[in-house]
Amino acid sequence: MFIICLLEVIKMTVTFFGHRRTPDSVKPLLKETLRELIEKDRADMFYVGNEGSFDWMVYDTLKELKTEYPFISYKVVLAYLEKRKKDIKKFSPSETIFPEELIKTPLRFAIVKRNNIMLRYADTVVTYVDGPGGAADFKRLAEDRGKRVINLYKKKSVFPV
């Protein structure tokens, strides 16, 4: 009698938290880190916000990497449904999701709630945290929840770009 064993391929979901004003010099390190996560750790799903320069940097990098790794997926997780003038980038509907849990959330709590939702689904969290703020709060929360956290600020100081 033959027993067929199917090996389930374990894949990884990644999310991101970073400072609103992250320097452009971080992008090569971000790209290198994402490549490592895709190639070595089988990361294939990525959730990113759209509030600051770190989020835009992640979005642009994922969009570039999608041509190199067509099997990966990324979603921009919106905290608000209405368009705002500062949301200068246009996303295709297939690139975005709006969690149903946010429909009745007051605007001033939407980003925190959205970030908690992204954290819930993540196996790994990539951050750029060099001081206090919302990104630092979510980095700590990710660590408290036992998530793998990669802080590009720390990695940058150890491995110069």
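This is a short tour of the structure in your viewer, one selection at a time.

**Stop 1: the whole chain**

Keep everything on screen to begin with, and remember that you are looking at a predicted model. Colour by secondary structure and you should find five helices and six strands. Trace the chain from its start and the elements come in the order β-α-β-α-β-β-α-β-α-β-α. The protein has 161 residues, and 45% of them are buried. Now think about contacts between residues at least 6 apart in sequence: 74% of these join residues at least 24 apart.

**Stop 2: V76 in strand β3**

Select residues 73-77, which form strand β3, and pick out V76. Is V76 buried or exposed? V76 has a relative accessible area of 0%, so it is buried. Show what surrounds this valine: leaving out residues up to four places away in sequence, V76 touches V48, G49, N50, Y59, F91, E95, T96 and I97. Next, try the distance tool on V76 and V58, which are 18 residues apart along the chain; their C-alpha atoms are 10.0 Å apart.

**Stop 3: V48 in strand β2**

One of the residues touching V76 was V48, so hop over there next. V48 sits in strand β2, and that strand runs over residues 43-48. The relative accessibility of V48 is 0%, so this residue counts as buried too. Which residues does V48 touch, not counting those up to four places away in sequence? They are F16, D55, V58, Y59, K75, V76, V77 and M118.

**Stop 4: V58 in helix α2**

V58 was among the residues touching V48, so select it now. It is part of helix α2, residues 53-68. With a relative accessible area of 0%, V58 is buried. Setting aside neighbours within four places in sequence, V58 is in contact with F16, L30 and V48. Draw a line between the C-alpha atoms of V58 and F16: the two are 42 residues apart in sequence and 7.9 Å apart in space.

**Stop 5: N115 in helix α3**

Go back to V48 and add N115 to the selection. These two are 67 residues apart in sequence, with 9.1 Å between their C-alpha atoms. N115 is in helix α3. N115 has 10% relative accessibility, and the cut-off for buried is under 20%, so N115 counts as buried. Apart from neighbours within four places in sequence, N115 is in contact with F17 and F138.

**Stop 6: where α3 meets α4**

Show α3 (107-121) and α4 (134-144) together. Two packed helices are described by the angle between their axes and the distance between the axes. For α3 and α4, the angle is about 35° and the axes are 11 Å apart. The crossing is right-handed. From α3, the contact uses V112, N115, N116 and L119; from α4, it uses F138, L141 and A142. Sorted by class, the contact residues of α3 and α4 are five nonpolar, two polar and no charged.

**Stop 7: the largest pocket**

Switch on a surface view. Rolling a probe the size of a water molecule over the atoms shows where empty space is left. The largest pocket has a volume of about 360 Å³. How many residues line the largest pocket? There are 24, and G18, I111, N115, G134 and A135 lie nearest its centre. You have already met N115 in helix α3. β1 (12-18), α3 and α4 each supply at least two lining residues, and α3 gives the largest share, with nine. The lining is made up of 12 nonpolar, seven polar and five charged residues.

**Stop 8: two arginines in loops**

Finish with two loop residues. First select R20, in the loop between β1 and α1. R20 is partly exposed, at 43% relative accessibility. From the C-alpha of R20 to that of F54 is 6.1 Å, although the two are 34 residues apart in sequence.

Then select R42, in the loop between α1 (27-41) and β2. R42 is also partly exposed, with a relative accessible area of 47%. Look at its backbone as well: phi of R42 is near 65°, a positive value in a residue other than glycine.

Terms used:
Residues are numbered from 1 along each chain as its sequence is written. This is a predicted model: local features need pLDDT of at least 70, side-chain atom pairs count only at pLDDT 80 or more; totals for chains, interfaces and linings use all residues. Side-chain values use heavy atoms; hydrogens and water are left out. On a 1 Å grid over the protein atoms alone, a cavity is a set of points where a 1.4 Å probe fits but cannot get out, and a pocket is an open set with protein on both sides within 12 Å along at least five of seven lines; lining residues have an atom within 4 Å of a point. Grid points are joined across faces, edges and corners, and a volume is the space filled by probe spheres set on the points. Helices (H or I, at least four residues) and strands (E, at least two) are DSSP runs, numbered from the N terminus. Ala, Val, Leu, Ile, Met, Phe, Trp, Tyr, Cys and Pro count as nonpolar, Asp, Glu, Lys and Arg as charged, and the others, Gly among them, as polar. Axes are lines fitted to C-alpha atoms, for helices over the stretch in contact, and angles run from 0 to 180 degrees between N-to-C directions. A crossing is left-handed if the near helix is turned anticlockwise from the far one by less than a right angle, and right-handed if clockwise. Contact means heavy atoms within 4.5 Å. Buried means under 20% relative accessible area, exposed over 50%, partly exposed in between (1.4 Å probe, protein chains only).
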